[in-house]
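Biologist: Please take a close look at the aromatic side chains of this model and at whatever surrounds them. I would like a connected account that starts from the overall fold and gives the cut-off behind each term.

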Amino acid sequence: MGFFEQLESQAVQRNTLLCVGLDPRPERFPPEVAAQEDPLFAFNKRVIDATHDLVCAYKPNYAFYEAQGIEGLRALRRTIEYIGPDIPVILDAKRGDIGSTSAALARAAFEVWGAGAV
């Protein structure tokens, strides 16, 4: 099933057009989340667990993960895996650049991270 078919299926099945952004800001985490081994994933897991039956898609913003270095990218990977294959992921990875860079970013978004759309 393609991205748009998957999105439409979830929107109809759940009767919603809600897309939840996952933009973790560690400086705003409550102490119990900040104390976790992987606080970015712990934050996202809380949001996903609280909203999974209310959304038709999730939209993690790549910049918030990239800003945390490799640990942030690992948290992004865990987050997308935790969302699972049924709910579409729109990776907010917009960047304006030359064609070859845009192609590399698209490869990363779709082939490495498994996003359905950017």
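Modeller: Read from the N terminus, the chain runs through the pattern α-β-α-α-β-α-α-α, that is, six helices and two strands, where helices (H or I, at least four residues) and strands (E, at least two) are DSSP runs numbered from the N terminus. The model is a predicted one, in which local features need pLDDT of at least 70 and side-chain atom pairs count only at pLDDT 80 or more, whereas totals for chains, interfaces and linings use all residues. Residues are numbered from 1 along each chain as its sequence is written, and side-chain values use heavy atoms, with hydrogens and water left out.

The chain is as compact as a globular protein of its length, because its radius of gyration is 14 Å, close to the 13 Å that the globule rule gives for 118 residues; the radius is taken over C-alpha atoms, and the rule is 2.2 Å times the number of residues to the power 0.38. Buried residues make up 36% of the 118 residues, where buried means under 20% relative accessible area, exposed over 50% and partly exposed in between, with a 1.4 Å probe and protein chains only.

Turning to the aromatic rings, the structure holds three aromatic pairs. Rings of Phe, Tyr and Trp (its six-membered ring) pair if their centres lie within 6.5 Å, and planes under 30 degrees apart count as stacked, over 60 as edge-to-face and the rest as tilted. One of the pairs joins Phe 3 and Phe 4, edge-to-face at 5.2 Å centre to centre with 75 degrees between the planes. Phe 3 counts as buried because its relative accessible area is 13%, whereas Phe 4, at 63%, counts as exposed.

Another pair, Phe 41 and Tyr 82, is likewise edge-to-face, with 5.7 Å centre to centre and 90 degrees between the planes. This pair links distant parts of the chain, since Phe 41 lies in helix H3 (residues 39–51) and Tyr 82 in helix H5, 41 residues apart. Phe 41 is buried at 10% relative accessible area, while Tyr 82 is partly exposed at 34%.

Helix H5 (residues 69–83) also holds Thr 79, which is buried because its relative accessibility is 0%. Leaving aside neighbours within four places in sequence, Thr 79 is in contact with Leu 22, Phe 41, Asn 44 and Ile 48, where contact means heavy atoms within 4.5 Å. Phe 41 is thus a partner of Tyr 82 in the aromatic pair and a contact of Thr 79.
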